[in-house]
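Please find below a colleague's note on this entry, meant to be read with the coordinates open.

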Amino acid sequence: MPDAVVIGAGPNGLVAANLLVDAGWSVEVLEAQQEPGGAVRSDRGVHPDYVSDLFSAFYPLAAASPVLARLDLAAEGLRWSRAPRVLAHPLRDGRCAVLERRVRDTADGLAEFAAADAGAWQDMYDVWSRVGPDLVQAMFTPFPPVRAGLRLAAKLRAAGGLRLARKLSLPVRRLGEEEFAGEGGRLLLAGNALHADLAPEAAGSGGFGWLMSMLGQSHGFPVPVGGAGALTAALVTRFRRRGGTLRCGERVAAVVVRRGVAVGVETTAGEAVVARRAVLADVSASVLYGGLVGEEHLPGRLLRDLERFQWDFATFKVDWALTGRVPWDAPQASGAGTVHVADGVDGLTRFASQIAMGQVPDEPFALVGQMTTADPCRSPAGTESAWAYTHLPQHITSDAGGDRITGRWDVREQEAMADRVEEQVERLAPGFRALIGARRILAPTTLQAMDENLHNGAINNGTTALHQQAVFRPVPGTGRPETPVERLYLASAATHPGGGVHGAPGANAARAALLRPPALRTLLHRAQRV
């Protein structure tokens, strides 16, 4: 009988499991898929000579995460690699906004759009240098972040206080217009905001675009050497070396609750796994509260609030084995690990507006990953292991293009959408499509089948919009991992601080399970029933 059962071997589940075994607990992790990792996996499924990341690929949040830093995964063999340039956003007229690895180089490049923007970027990074470390610590701390919050408040005051807070609450379009005279800096901010489901006109999108841009400037967009699966392998090796048990191909059917307390789980095979002290669930909120835990154990208000839960955008991804490097018209894009493909900020607004109307975008914003550029061991010399993903509505009402895509995602629709993404890249890199040696299409339904937390391809386990963050995540409450069921904790990105590979939701759940005195744990669970 283990002390804890962890449902799901995604990065958050594995982080939680590692922290619990570090505290001396016996831990058993049950994973429904045949391999661990959740959305952090890689394979050779496109071509045997090419390593492809199935889901996530670049990890600025992991590089900045104090949670992962404390696990010392380098001791388990994890190594990071970075492209010569962090990110590029080429335009049809040949100009290209570039996030370089050195601040001075980024600033010099933005000066080509407007001379004053060199100083504006340097000023923005100087603010990050003062507040960034404490901001990250506060973000990745259980809510409310009292100590980290107090340190951050002092730094914010010195960095402009309310004026900085105002900037970070702005829509990213407005932030870019206030900070930069030219288009380059605006493109970097807005493109990074749309790594999540934040339109250029959405409140708070400026803060997210700023966060991702500054993380890219300070930490780069690193990738694990050998593929995303190397990060998962390090977490699994560490966990097992400390005595933990991981069982794949074991789907949990229910959390067993007695007298309001989680006492274990039952698998679809009928096996009862008893947990002496806690059950931690690295699953979506809708799966936990809409299936694994019976309604009779949950307050009615929670169930009503879940009816208003908002998923983030759906995702459509294409993986390629390219016989040569992408022939970008803008040469700066060739050395970037990540390339944003959109016709300026207006193109991003048009893209997001079509999604808001339920339309499949006719000119989709494509995030392109050049993985061999970032990690040369991903494919043979002179070739490129590459991918692109774009966002789609969760519920498709119409197709803004001419392919009549409905969201059935049969072979015809998958091929048509993949062709549409490739046409976007081809416009900026003539000859790109001639280099495609093999491709793999991952439609929203395919992504969910491979990782059930990716609901219809939603990669952040719920919207990143302000109305579903902090105390509103996943529903209005305390913003903590405790659930209304005692000894049951939500350990996925459905809870604060949300999506991205950084391990904080799992770490927060583990800390909550370890919290002393026990009376405080009980109080925090009861707070979820109000």
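The points below concern one helix and then several backbone details of this predicted model.

1. In helix H8, which spans residues 172-179, the residues Val172, Leu175 and Gly176 are buried. Seen around the axis, these residues cover an arc of only 95°, which puts them on the same side of H8. An α-helix has 3.6 residues a turn, so residues three or four places apart point the same way. The cover over the buried residues of H8 includes helix H7 (162-169), helix H9 (183-193) and helix H10 (205-219).

2. Two cis peptide bonds that precede proline deserve a look. One joins Arg473 and Pro474, with omega about -5°, and Pro474 lies in the loop between helix H17 (444-450) and strand E21 (488-490). The other runs from His496 to Pro497, with omega near 5°, and here the proline, Pro497, sits in the loop between E21 and helix H18 (504-514).

3. Arg404, a residue other than glycine, has a positive phi, near 55°. Arg404 is placed in the loop between strand E19 (398-399) and helix H16 (411-428), and with a relative accessible area of 63% it is exposed.

4. Asn461, in the loop between H17 and E21, also has a positive phi without being glycine, with a value near 60°. Is Asn461 buried or exposed? Its relative accessibility is 4%, and because buried means under 20% relative accessible area, Asn461 counts as buried.

Technical notes. Residues are numbered from 1 along each chain as its sequence is written. This is a predicted model: local features need pLDDT of at least 70, side-chain atom pairs count only at pLDDT 80 or more; totals for chains, interfaces and linings use all residues. Side-chain values use heavy atoms; hydrogens and water are left out. Buried means under 20% relative accessible area, exposed over 50%, partly exposed in between (1.4 Å probe, protein chains only). Helices (H or I, at least four residues) and strands (E, at least two) are DSSP runs, numbered from the N terminus. The arc is that of the directions from the helix axis to the C-beta atoms. Contact means heavy atoms within 4.5 Å.
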